[in-house]
Amino acid sequence: MKCMKKVAVATLSATFLLATLQMPVAQAEPETPYIEPETVEAVKSDARVVQLELELANLASQSSALENELAQAKVAELTAHNKLLETIEKAMEAQEQLDAANKLLNEARNDLAKVAQAMYQNSASKVTNAEYLFGAESLQEAVKTERAFRTITDTVEFKTGKLLAFQVIAQVAQQEANELAKQQEKFAKAAQEASEKVANKVAQVNAQLATAKTQQEALITELAKQKQVDINAERRRLAEIELKRQEQAKAEEARLLAQAQARQEAEAKARQAEAKRQAEEAQRQADAAAQEAARQAEEARKEAAKPAPAPAPAPAPAPAPVASSSSKGQELINYAKQFVGAPYVWGGTTPSGWDCSGFVGYIYRQFGYNLPRNTEQIFAAYRHKEVPASQARPGDVMYWPGHVALYVGNGKNLGANTPAIGTVISNNWGNPRYLRILP
């Protein structure tokens with residue numbers, strides 16, 4: 001009986017326990033952790049510090065981007081300037097070739113004139129074949145006379161052909177000189193535009209740096225407060241970072257300019273080598289032509305029965321009027337001649353190295369005149385004092401697009417031309433304009 005009760009009690013207990021386990025259990029809500037107010041403020045401060053540092057980095061990045069654009073603009077300016085110098089060199093060479101061609105042309109005209117004069121004086125142009133054959137006293141004399149007249153005819157034909165050839169050469173040289181004058185004007189304009197772009201970019205960079213400096217100061221003040229450090233110490237830290245950035249930007253600019261300059265110098269050396277080769281070839285051909293002319297002249301001299309009398313020498317051309325050596329202009333030129341051989345350095349203004357406007361400006365400063373710094377500014381300032389080429393006198397400033405020099409007189413100028421040529425006296429080329437600055 002007792003056992004039956006114990007079993008019943010155990011069964012009821014198990015049933016109750018099972019029911020209890022199967023009942024749903026209520027979920028307790030999670031408790032929100034407690035964070036100290038000081039910790040919250042510290043996190044916010046750190047986030048603001050990061051934001052401020054990013055803003056400062058962004059200002060530096062903007063400055064670097066503009067400075068890189070400035071470096072690229074300077075490279076373009078250097079390239080345009082060197083292209084202008086290359087054209088000036090070619091224009092000077094073309095003028096030398098034109099002068100040489102005109103000299104040969106005049107010599108050929110004079111030679112042909114001498115032959116024509118000799119024929120006229122000896123009535124050779126009126127003698128017929130019958131006259132020099134039947135008018136001879138012997139067959140030997142007739143043969144000798146016939147050879148002489150044939151030689152004269154050959155000489156006339158040769159000299160006429162030479163004259164025509166030199167006319168073609170002179171025409172080609174003139175066309176090349178004219179074309180190079182047009183190119184010089186085009187490249188001078190391109191160089192001027194490139195310089196203006198550099199000036200505009202410099203202004204943009206300076207404005208950006210000024211704006212960045214103002215913004216940086218406000219950011220530095222807040223940053224020092226957030227980091228709880230001395231503001232002067234923070235300024236010094238950021239100043240060191242900015243100095244390194246600027247040094248890197250300048251180094252990159254110098255690298256780009258050096259690369260461009262090296263490339264231009266290599267191209268200039270190649271042009272000089274080619275010009276030397278062409279000059280040597282031209283000299284070889286000229287020597288061969290001179291030898292041939294000398295040979296034919298000797299044959300004509302031997303074959304002719306009587307050499308034609310030498311014509312009266314042509315009167316010497318009247319010398320071009322030049323200013324008295326005591327004049328201010330001649331005094332200026334005499335002073336400037338001591339600098340022949342000085343090197344050409346773009347942007348230079350002293351005898352240790354100058355560009356074309358730097359040279360002209362330096363010389364005029366010694367005589368109390370302060371000229372504008374670059375070529376186009378000089379022309380703009382004094383174009384109202386332009387004089388015709390026929391009235392040019394020593395000391396006048398000569399202007400070509402992108403280039404200036406000093407007029408020496410007698411068709412020559414003194415100027416700082418290119419790195420390869422330096423400061424030299426050379427023949428005028430193209431169509432320069434003359435500015436009368438001295439009274």
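Ser 195 is partly exposed, with a relative accessible area of 29%. That figure falls between the 20% limit for buried and the 50% limit for exposed, which is why "partly" is the right word. The model is a predicted one. Ser 195 sits in helix 4, which covers residues 139-227. Its C-alpha atom is 8.9 Å from that of Leu 78, although 117 residues along the chain lie between the two positions' numbers.

Now compare Arg 245. This residue belongs to helix 5, residues 231-303. Arg 245 is buried, because its relative accessible area of 10% is under the 20% cut-off. Which residues does Arg 245 contact, beyond its neighbours within four places in sequence? They are Ala 60, Ser 63, Ser 64, Glu 67 and Leu 209.

| Residue | Helix | Relative accessible area |
|---|---|---|
| Ser 195 | helix 4 (residues 139-227) | 29% |
| Arg 245 | helix 5 (residues 231-303) | 10% |

**Helix 8**

Helix 8 spans residues 375-382. Its buried residues are Thr 375, Ile 378, Phe 379 and Tyr 382. They line one face of the helix, because they fall within an arc of 95° seen down its axis. An α-helix has 3.6 residues a turn, so residues three or four places apart point the same way. What covers the buried residues of helix 8? The cover includes helix 7 (356-365), strand 3 (386-387), strand 4 (397-400), strand 5 (403-409) and strand 8 (433-435). At the N-terminal end, Asn 374 acts as a cap for helix 8. One of its side-chain oxygens lies 3.3 Å from the backbone nitrogen of Glu 376.

**The cores**

The largest nonpolar core holds 29 residues. Those with the most contacts inside it are Leu 332, Phe 359, Val 360, Ile 363, Tyr 364, Val 397 and Leu 406. Two or more residues each come from helix 6 (328-336), helix 7, helix 8, strand 4, strand 5 and strand 6 (412-416). Helix 7 gives the largest share, six residues.

Take Val 397. Leaving out residues up to four places away in sequence, Val 397 touches residues including Val 360, Tyr 364, Ile 378, Leu 406 and Tyr 434. Another core, of 22 residues, lies apart from the largest one. Ala 91, Ala 177, Met 398 and Trp 400 are among its members.

**The whole protein**

The protein has eight helices and eight strands. Of its 439 residues, 31% are buried. Among contacts between residues at least 6 apart in sequence, 70% join residues at least 24 apart. The accessible surface is about 27700 Å², and 57% of that belongs to carbon and sulfur atoms.

Key. Residues are numbered from 1 along each chain as its sequence is written. This is a predicted model: local features need pLDDT of at least 70, side-chain atom pairs count only at pLDDT 80 or more; totals for chains, interfaces and linings use all residues. Side-chain values use heavy atoms; hydrogens and water are left out. Helices (H or I, at least four residues) and strands (E, at least two) are DSSP runs, numbered from the N terminus. Buried means under 20% relative accessible area, exposed over 50%, partly exposed in between (1.4 Å probe, protein chains only). Contact means heavy atoms within 4.5 Å. The arc is that of the directions from the helix axis to the C-beta atoms. A polar contact is a pair of N or O atoms within 3.5 Å; within protein, one must be able to donate a hydrogen and the other to accept it, and residues adjacent in sequence count only if both atoms are side-chain atoms. A nonpolar core is a set of buried Ala, Val, Leu, Ile, Met, Phe, Trp, Tyr and Cys residues joined through side-chain atoms within 4.5 Å. Accessible areas come from the Shrake-Rupley method with a 1.4 Å probe; for residues, only the protein chains shown count as cover.
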